[in-house]
Amino acid sequence: MTAQKTPQEIPQKKPQEQTKDFYFKFLGKFAVYYGGKELKPLTGGKKVWLLIQYLAYNKDREIPFEQMLENLWPEEEYSNPVNVVKNLVYRARKVLSDLCGEDPGCIIKQNNCYRWNPEVACSSDAEDFAAGLKQAADAETREERCRLLEKTCALYEGPFAPAASLSEWAMAKERLYADLYDRNAFALSEMMLEDMRYVELIALCRLAMAMDPYNERIHCQLMKAYARENQRPQLVKHFRRLTKTLKKDLGIEPSAKTKALYEDLSKETKRTETDIRNIKKDLTEVMVAKGAYFCGYEIFKNIYKIVCREDMRNDTVSSIALVTVVSGSTGEMSAAGDRDQRRLAQLKDCIVQGLRKNDIVTYYGDRQFLVLLTSTPQQAGTATMERVIRQYKSRYQSTSLPVKCSVSALETNIEADI
């Protein structure tokens, strides 16, 4: 008994031996090949070619007239569906005969159904794609699986039968092949990442994103590749582009998982920089800002700890000020209001611009500001803040908010492990 050959062992026919074979390209731009040559132009009408696509894809099935019409044109009603199908089949046979230069006899009637003639060889990229994925899944080694996935994923050039995408059967197949490609392209990207094949991974991700620009898993793989290649500018640029695309097209932001990955990768690329000049360039402010440094509260807390250490080491004194927007009548902190946002921004600008470059400012809640006055004792700090508030009220006489300010010296008795 002769052993059955595996798909890898089956000898491929040479082009001159395939003179009577049909090959359909479904994935991406639709095309038909006969005897190794592309048939074009595809004249004859859209319905005719939808019928040919349908029969070629379902080449191993006998399809009743009613089912064929329901799958292809479910929204249309026919008084005599049999004659409609007969007419379309006649036109399809004529189109194929004209393009092939002979009657290939590829559409036959059998058991009161039409089907693709099993005697006429017919294959497609969709068939090759599915077979390639099966071979990859059955591969005995990781290297063989990776090689087969690379070869097979390259066959997917876009959605299934885009011209037939409004037909129910085509929509189902489109989802099927898109999902197959997504899962296997991601699996391939994971292997490339493990093998440190970053340049090839970047190319794969770009192709995959062209198929589905909103697939955040693939975007994350691309960002990982940029980080491993230490391409920080590309990493930052890509995340910003992704954020802009999702916001513009879908009205959403990247997922929390994608954002967290970006933050981690940004830290990682900073840690692995080897040229100190590049690090200095990254740390340098884009523009020379005037006045104090404004930052978030978490950063403010860390700077506070550093200033406390400096005061202990240098035997200097710094101060911290709390500026609060209050109610003009009660003197207590007022409730936030949307109409006050512009005036709060004006107050912030006056505080920042009225202080030195080594002073630090942050928001503390929505109606308060914290100010760290470095190397400034409490009395001098009080005078400084009184001057800043006077300037604010003078500049915005009619729109200034009522504020109060308290100043206190920094506590330097911090724990040694801070």
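1. Arg197 and Glu150 form a salt bridge in this predicted model. The N-to-O distance is 2.9 Å. Arg197 sits in the loop between α6 (168-194) and α7 (198-211), while Glu150 belongs to helix α5, so the contact ties together parts 47 residues apart in sequence. Glu150 is partly exposed, because its relative accessible area is 30% and the buried class ends at 20%.

2. Helix α5 also holds a salt bridge of its own. Arg147 pairs with Glu144, and their closest N and O atoms are 2.8 Å apart. Both residues lie in α5 (residues 142-153). Their spacing is 3 residues, about one turn of the helix. Arg147 is partly exposed at 41% relative accessibility. Glu144 is partly exposed too, with a relative accessible area of 24%.

3. A third set of charges deserves a look. Arg142, Glu194 and Asp195 are joined in a network of salt bridges. The structure holds 14 salt bridges.

4. Is each partner in the Arg356 and Asp359 salt bridge buried or partly exposed? The side chains of these two meet at 2.8 Å, N to O. Arg356 has a relative accessible area of 37%, so it counts as partly exposed. Asp359 is at 1% relative accessibility, so it counts as buried.

5. Now helix α9, which covers residues 232-250. Its length checks out. At 1.5 Å a residue, its 19 residues should span 27 Å. The end C-alpha atoms are 27 Å apart, so the model agrees with the expected span.

6. Which residues of α9 are buried? They are Leu235, Val236, His238, Phe239, Leu242 and Leu246. Viewed down the axis of α9, the buried residues fall within an arc of 165 degrees, so they line one face of the helix. The other side of α9 carries exposed residues: Pro233, Lys237, Arg240, Lys244, Lys247 and Lys248.

7. The end of α9 has two details to check. Leu250, in α9, is partly exposed because its relative accessibility is 43%. Just after the helix, Gly251 takes a positive phi of about 70 degrees. Leu250 also joins Tyr214 and Ile252 in a nonpolar surface patch. Together the three have about 250 Å² of accessible area.

8. Next, the β4 and β5 hairpin. Strand β4 (residues 107-110) pairs with β5 in the antiparallel sense, over 4 bridges. Ile107 stands opposite Trp116 in β5. The hairpin has 2 residues between the strands, and Asn111 takes a positive phi near 55 degrees.

9. How are the two faces of β5 covered? In a regular strand, side chains alternate between the two faces of the sheet. In β5 (residues 113-116), Cys113 and Arg115 are on one side, with Tyr114 and Trp116 on the other. All four are buried, so under 20% relative accessible area. The buried set thus includes Arg115.

10. One last spot is Val82, in helix α3 (residues 81-100). Val82 is partly exposed, as its relative accessible area is 27%. The C-alpha atoms of Val82 and Glu66 are separated by 7.8 Å. Along the chain, these two residues are 16 residues apart.

Terms used:
Residues are numbered from 1 along each chain as its sequence is written. This is a predicted model: local features need pLDDT of at least 70, side-chain atom pairs count only at pLDDT 80 or more; totals for chains, interfaces and linings use all residues. Side-chain values use heavy atoms; hydrogens and water are left out. Patches are made of residues with over 30% relative accessible area and no salt bridge: like charges are joined within 9 Å, nonpolar side chains (Val, Leu, Ile, Met, Phe, Trp, Tyr) within 5 Å. Accessible areas come from the Shrake-Rupley method with a 1.4 Å probe; for residues, only the protein chains shown count as cover. A salt bridge is a side-chain nitrogen of Lys or Arg within 4 Å of a carboxyl oxygen of Asp or Glu. Buried means under 20% relative accessible area, exposed over 50%, partly exposed in between (1.4 Å probe, protein chains only). The expected span of a helix is 1.5 Å times one less than its number of residues. The arc is that of the directions from the helix axis to the C-beta atoms. Two strands pair if DSSP finds at least two bridges between them.
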